[in-house]
Every structure is written in structure tokens, then in C-alpha cells.
Amino acid sequence: MALGYAEACVIGALQGVAELFPVSSLGHSVLLPALIGGTWATDLSVRSSDSPYLAFVVLLHVATALALLIFFRKDWVRIIGGLLTSIRKRRIETSAERLAWLLIAGTVPVGLVGLVLEHQLRVHAGTPRAASAFLIVNGLVLLLAERLRRRSVASGAAGTGTADGPAGHHDADAALASDERLSTMPWRDGVIVGAAQIGGLLPGMSRSGVTISTGVLRGLSHEDASRFAFLLATPIILAAGVFKAGDLTDDKLNPGGHLWGPFLVGAALSFVGAYVSVKFLVKYFQTRTLTPFAIYCLLAGTACLIRFTA
């Protein structure tokens, strides 16, 4: 098996964008090669344990996580500072300290499940037909979340922070205000929203999609839910990449290191795609909803399911 520059460029850019858009990067990484067929289908298989594609995907995830770290660097300075301060004082007092522990609490469930089931889910659910079906399910989840949220808002039962923030705020002020609101989230909600990331382990189910959906159902605005989803995704994506970093130098997956060229080009495109995507989505969710992404998932999933069951 090999990995060419054309494949690396397309999959790298796709990963950077689809990882953060609520449309499932893993699902698209399964479906696109299968739709193209030929060597793409054989070279880019997530189910094969001896494919360089696995090592490549690891590097793409690291690039995506780095883009998130850079974009949210000011937030992470506050969050990490708050974590260290709370450990030193042995108590939680400030919003930064509480947000840090909320992120930790929300990360633990998916981290544990991912360690145990990631391989099994990738092997058994990483087929084009399964990914198509789960993409449809992802679309239904997004639509259901929007419908239930509208009912909640209409009945006046929505929780704190359901009103979407005005887009005219200065970026720094809006970020700080959002972090302050997120820090008031009940511990139970933080764990529930974080645990929703488990759904993203299935090809076709979007990590950001199910996390944002769960957030809005727990009373967060689209702006705050998406921000919390992106903050939650950063450590888990980075940890998964670091955990499997050895794959990049595995001679079976990257024989003789001759794939470093395509690897690095794809990673660069993934980094750029992720940075541009998160910058767009942070603005987008200040005033808009998940509905367009839900419609896309339903249409794309249905079309692919027909294609792979015909």
C-alpha cells in the first residue's frame, strides 16, 4: 500500500475541515476513498491495520489539535493557569479554575471508552455502508436537537445562556464572556456534554455535531455549545495523536520513512483547514444553527447508502 501526494492533499484538507464542521471527518475519510475507488479505496482504508493511512490520520489529528490550540491560545492560557492555581490552592474559586475542571470531567468518559473500543469500532463500523448509515443518524441527531431546543425556548424552559450572543462584540470580549458563562455550567451537564463525544468514535457520527447538539439541549446557546465542543475536542484529539505517534515511525506503516513528504503536506493542509474552519464556525454559531449541516448529512448519507447498497 502507498500514499500519494494527491491523496494526502485531499484527505488532509478534508480532515481539517470535517473534524470541526458537524459532518464527521472519519465518516468522510471512509466514504470519499470508497466513492473514488481504485487505488484510493485500497490505499485509504481505516480498517486495515497495516495501512500507512492509519499513521497519516494520526498526524492529521495532531495538526488539527495544534490549530485549535493556536486559535484558542488565550483561552488555554487562562484555563491551564486556572487548573494549576486550583491544584496549588486545593480549591476551585474562579471561572477559569472551574472551566478547567469541567473540561477534565467532560474528557474522561470519551478517553476511557476510546482506549477500550476505538479499534473495534473502526474495524467493524469503518465500512462505506455503515458510515453512510451513521451519517444519516448524525443528521437526524442535529435536526432533533434543533427541534427540541426550539420547543424548549418557546416554552420558556431553556436553561441559562440559551440566547445566542450578539456577533458585534469584540472577539476577545466575546470569548471571555463565553468562558464565563460556560464556567457556570452544572457539573452533571459538563460530564453529559463531554460524554456525547463518544458518539464521534463511530464513522459517520460527528464529534462536534453530537457535542454541540447535547450542549444546546442542556441549555447552552449555539455559540457557547460550539465553543465548549471545540475546547473539549482539543485535548482528546491531541492525546489520541500523541498516543499513536509511534505509528509515524513504524516501518510497516511508513517503510523507510519515504512517506514523510505526503504526510507533512497533508498535515499542513489539515492545519490550515482546521484553523480556517474554527474561525468561521465560531462566528457562524453566534447567530445560526445546526440545521444546514443536518440537511447535508441526510442528503449525503442517503446518496452514499444507495450507492453502496445498490
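**Reading helices, rings and contacts**

Tutor: Start at a helix end. Arg90, just after α5, has a positive phi of about 60 degrees. Keep in mind that this is a predicted model.

Student: How many residues does helix α5 have, and what span should they cover?

Tutor: Multiply the rise by the steps. Helix α5 covers residues 73–89, which is 17 residues. At 1.5 Å a residue they should span 24 Å, and the end C-alpha atoms are 24 Å apart, so the two values agree.

Student: Which residues of α5 are buried?

Tutor: Asp75, Trp76, Ile79, Gly82 and Ser86 are buried in α5. They cover an arc of only 130 degrees around the axis, so they sit on the same side of α5. The general idea: an α-helix has 3.6 residues a turn, so residues three or four places apart point the same way.

Student: Which exposed residues does the face turned away from the buried side of α5 carry?

Tutor: Lys74, Val77, Leu84 and Arg88 are exposed there.

Student: What do the buried residues of α5 pack against?

Tutor: Four helices: α4 (52–71), α6 (95–125), α8 (171–183) and α11.

Student: Take α11, then. What is its reach from first C-alpha to last?

Tutor: Helix α11 runs over residues 222–243, 22 in number. It reaches 31 Å, close to the 32 Å expected.

Student: Where does α11 bend?

Tutor: At Ala233, by about 25 degrees. A proline, Pro235, follows within four residues.

Student: How many residues of α11 are buried?

Tutor: 16 of the 22, so the rest of the structure largely encloses α11. Ser226 is a case in point: this residue is found in α11 and is buried, with a relative accessible area of 1%. Beyond its neighbours within four places in sequence, Ser226 is in contact with Ile212 and Phe285. Now compare sequence and space. Ser226 and Ser183 are 43 residues apart in sequence and 14 Å apart in space, C-alpha to C-alpha.

Student: Is Arg207 buried or exposed?

Tutor: Check the accessibility against the cut-off. Buried means under 20%. Arg207 has 15% relative accessibility, so this arginine counts as buried. Arg207 is found in helix α10 (residues 207–217).

Student: Which side chain joins Arg207 in a polar contact?

Tutor: That of Glu19, at 3.4 Å. With neighbours within four places in sequence left aside, the contacts of Arg207 are Glu19, Gln197, Gly200, Ala233, Ile236 and Ile237. Ala233 is also where α11 bends.

Student: How many aromatic pairs does the structure hold?

Tutor: It holds 11. Read each one by distance and plane angle. Phe56 and Phe263 have ring centres 5.7 Å apart and planes at 25 degrees, so this pair is stacked. Phe56 lies in helix α4 and Phe263 in helix α12 (residues 260–284), so the pair ties together parts 207 residues apart in sequence. Phe56 is buried at 0% relative accessible area. Phe263 is buried at 0% as well.

Student: What kind of pair do Tyr284 and Phe293 form?

Tutor: An edge-to-face pair. The centres are 5.4 Å apart, with 65 degrees between the planes. Over 60 degrees counts as edge-to-face. Tyr284 is buried at 10%, and Phe293 is buried at 9%.

Student: Which residues do ring pairs link into a cluster?

Tutor: Phe21, Phe280, Tyr284, Phe285 and Phe293. Phe285 takes us back to α11: Ser226 is in contact with it.

Notes:
Residues are numbered from 1 along each chain as its sequence is written. This is a predicted model: local features need pLDDT of at least 70, side-chain atom pairs count only at pLDDT 80 or more; totals for chains, interfaces and linings use all residues. Side-chain values use heavy atoms; hydrogens and water are left out. Helices (H or I, at least four residues) and strands (E, at least two) are DSSP runs, numbered from the N terminus. Buried means under 20% relative accessible area, exposed over 50%, partly exposed in between (1.4 Å probe, protein chains only). A polar contact is a pair of N or O atoms within 3.5 Å; within protein, one must be able to donate a hydrogen and the other to accept it, and residues adjacent in sequence count only if both atoms are side-chain atoms. Contact means heavy atoms within 4.5 Å. The expected span of a helix is 1.5 Å times one less than its number of residues. The bend at a residue is the angle between axes fitted to the seven residues ending there and the seven starting there. The arc is that of the directions from the helix axis to the C-beta atoms. Rings of Phe, Tyr and Trp (its six-membered ring) pair if their centres lie within 6.5 Å; planes under 30 degrees apart count as stacked, over 60 as edge-to-face and the rest as tilted.
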